[in-house]
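Here is a friendly walk through one model, with an eye to its empty spaces and one of its sheets. Have the coordinates open as you read.

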Amino acid sequence: VGACGGDFGGGNLTSNTVHAFDVVQWGLGMDQSGPVEIIPPETGQVPALTYKYANGVLVQVVPRLERDKHLVPEGWDVKTRIQSFGAVFVGEKGWIHVGRQGYLTSFPAEILDQDVAYPDHGFAVTSHQQNWLDCIRSRERPACDVAIGCHSTTVSHLGCIAHWTGRPLKWDPAAEQFLGDDEANRLCSRAMRPPWRL
């Protein structure tokens with residue numbers, strides 16, 4: 001069915017890749033925001049679905065880095081698949097490869113020896129269902145609050161809409177709408193069957 005499914009689904013972007021977007025959004029400090037531009041590969045401008053954030057960070061959706069398509073950072077083995085539900089964060093001094101199940105490697109390896117200040121919401125959860133039930137009782141926020149999950153899901157849907165339109169799209173994450181593109185904005189929702197409405 002393709003990267004973005006048919007009439008009632010978003011394909012792999014919304015069923016699996018959304019979990020990787022959770023990691024990316026958190027790692028970029030964008031849990032409450034999102035990208036400002038989405039460029040699909042159909043444009044010929046990029047080798048893969050690419051998101052641009054306001055700070056200039058680019059995120060590409062790929063299963064592995066390939067020399068003829070991507071900038072492969074020093075120390076990276078091109079035979080390595082990117083962890084399921086994970087990401088590779090590439091910076092000026094190296095990279096960190098992370099996955100949701102605790103997978104963590106880096107280049108240089110010493111990057112992982114550094115003390116890191118973790119945000120308050122960054123704690124290990126062995127059972128999301130138990131965390132949710134505990135938070136119902138305590139009235140605390142769960143490890144992944146609904147708003148965080150919503151923003152990560154939005155990133156997935158933005159990718160689908162970019163694929164469907166086949167053109168670069170500008171996105172306002174605060175207003176949650178595409179800039180100057182009525183067609184893309186119409187794809188953000190669909191008519192509901194009566195008596196359902198929002």
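The largest cavity in this predicted model holds about 40 Å³ of space. A search of the whole structure for cavities of 30 Å³ or more turns up 1.

Which residues line the largest cavity? Ser33, Gly34 and Pro35 take part, together with His151, Thr154, Val155, Trp171, Pro173 and Glu176. Helix H3 (residues 146-165) supplies the largest share of this lining, with 3 residues. Sorted by class, the lining of the largest cavity has 4 nonpolar, 4 polar and 1 charged residues.

Let us turn to a pocket next. The second largest pocket contains about 1,100 Å³ of space. It is lined by 39 residues, and those closest to its centre are Val59, Gln60, Val61, Val62 and Ile82. Two or more residues of the lining come from each of H1, strand S3 (58-60) and S4. Which element gives the most to this lining? That is H1, with 7 residues. By class, the lining of the second largest pocket has 26 nonpolar, 11 polar and 2 charged residues.

The two spaces can be set side by side:

| Space | Volume | Nonpolar lining residues | Polar lining residues | Charged lining residues |
|---|---|---|---|---|
| Largest cavity | about 40 Å³ | 4 residues | 4 residues | 1 residue |
| Second largest pocket | about 1,100 Å³ | 26 residues | 11 residues | 2 residues |

S4, which contributes to the lining of that pocket, also belongs to a sheet. Three strands make up this open sheet, in the order S4-S5-S6, with antiparallel pairing. Why do S4 and S6 each have one side without a neighbour in the sheet? Strand S4 (87-91) and strand S6 (104-107) stand at the edges and have a single partner strand each, so one side of each is left free of a sheet neighbour. On average, neighbouring strands here are turned by 15 degrees against each other, direction ignored.

As general background, strands of a sheet pair through backbone hydrogen bonds, either parallel or antiparallel. In this sheet, S4 and strand S5 (residues 94-98) are joined in the antiparallel sense over 5 bridges. Within the sheet, Ala87 stands opposite Val98 in S5.

Helix H1 brings the sheet and the pocket together in this account. H1 (residues 11-27) lies across S4 and S5, and runs at about 25 degrees to S4. H1 is also the element that gives the most to the lining of the second largest pocket.

Definitions and conventions. Residues numbered from 1 in each chain as written. Predicted model: local features only at pLDDT ≥ 70, side-chain atom pairs only at ≥ 80, totals over all residues. Heavy atoms only, no water. Pairing = 2+ DSSP bridges. Helix = DSSP H or I, 4+ residues; strand = E, 2+ residues; numbered from the N terminus. Axes fitted to C-alpha atoms, helices over the stretch in contact; angles between N-to-C directions. Contact = heavy atoms within 4.5 Å. 1 Å grid on protein atoms, 1.4 Å probe; cavity = no way out; pocket = protein on both sides within 12 Å on 5 of 7 lines; lining within 4 Å. Points joined across faces, edges and corners; volume = space filled by probe spheres on them. Nonpolar A, V, L, I, M, F, W, Y, C, P; charged D, E, K, R; others polar.
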